[in-house]
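Subject: Structure for you to look at

Dear colleague,

I am passing on the structure we talked about, together with some notes on what turned up when I went through it. Please have it open beside this message as you read.

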Amino acid sequence: MNLKQQLYLTIAILGTVINVNAQLPGNIDYNIWTPNVHDTFYVFGKIANVRAEPKLTATIQDSLYCGDMFIITANEKQFDQVKGIHAPWVKGAYLVNGAKREGYMWVGLLSLGYYVKDSVRFLYGIERITNATATDLHLPATWFIKVKAITEKGKSIDEKEWKMDGPEIAATV
């Protein structure tokens, strides 16, 4: 990745990570993914389980992999906290062996955004947040932001992670 591409992705990531408190419990009307019905997202986690209901204990219907497409069909009010990220569930459509399926995914497993250059897709998202709790909002949160470069077929090319320390009750990081 050349310097211009790195700069673009860094600016995109910093512009996306706008509010630490938005990812904490109690902020149900706002999250930094801002998923709308018919929006296309890409799986950011290595493996993302699609579930029958919007909860972590629900039956796993399918597993999607980094770079797989997930199209939002409905927003849910159910939130869960995983890896320090407090995020909602969404219902969405996806393909398995060419067949259209639908199920629920915790939005923290989806990329915040993407950039395509030639045949490479750059996905960026939150890997984890440490010290993000609802019980002590004065603990400074540390965000781990990652960019992943993958081929059109989902093969990993490279990834880079940034650690971003946020101040107490940060408005921006």
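What follows is a short account of one loop residue, the aromatic pairs, two charges over rings and a hairpin.

Please keep in mind throughout that this is a predicted model.

I begin with Ser111, which is found in the loop between strand 6 (99–106) and strand 7 (113–117). Although this residue belongs to a loop, Ser111 is buried, with a relative accessible area of 1%, which falls under the 20% that serves as the limit for that term. The side chain of Ser111 reaches the backbone oxygen of Gly113 at 3.4 Å, and, leaving aside residues up to four places away in sequence, Ser111 touches Trp33, Phe41, Tyr42, Phe44, Leu123 and Tyr124.

Tyr42, one of those contacts, leads on to the aromatic pairs, of which a search of the whole structure finds three. One of them is formed by Tyr42 and Tyr114, an edge-to-face arrangement with 4.8 Å from centre to centre and 80° between the planes. Because Tyr42 lies in strand 1 (residues 40–42) and Tyr114 in strand 7, this pair ties together parts that are 72 residues apart in sequence. The two partners also sit in unlike surroundings, since Tyr42 is buried at a relative accessible area of 7%, whereas Tyr114, at 39%, counts as partly exposed.

Another pair joins Phe70 and Tyr94, whose ring centres are 6.1 Å apart and whose planes meet at 15°, so that this pair is stacked. It links distant parts of the chain, with Phe70 in strand 4 (residues 69–82) and Tyr94 in strand 5 (residues 85–96), 24 residues apart. Here Phe70 counts as buried at 0% relative accessibility, and Tyr94 likewise counts as buried, at 2%.

Two arginines deserve a look as well. The charged end of Arg121 sits over the ring of Tyr42, at 4.1 Å from its centre, and Arg128 lies over the face of Phe144, at 3.7 Å from the ring centre.

Phe144, in turn, stands opposite Lys163 in strand 10. Strand 9 (residues 142–151) and strand 10 (residues 156–165) pair in the antiparallel sense over nine bridges, and these two strands form a hairpin with four residues between them, where Gly154 in the turn has a positive phi of about 90°.

With best regards

Technical notes
Residues numbered from 1 in each chain as written. Predicted model: local features only at pLDDT ≥ 70, side-chain atom pairs only at ≥ 80, totals over all residues. Heavy atoms only, no water. Buried < 20%, exposed > 50% of the residue type's maximum accessible area, 1.4 Å probe, protein only. Polar contact = N/O pair within 3.5 Å; in protein donor to acceptor, adjacent residues only side chain to side chain. Contact = heavy atoms within 4.5 Å. Phe/Tyr/Trp six-rings, centres within 6.5 Å; stacked < 30°, edge-to-face > 60°. Lys NZ or Arg CZ within 6 Å of the ring centre and 35° of its normal. Pairing = 2+ DSSP bridges.
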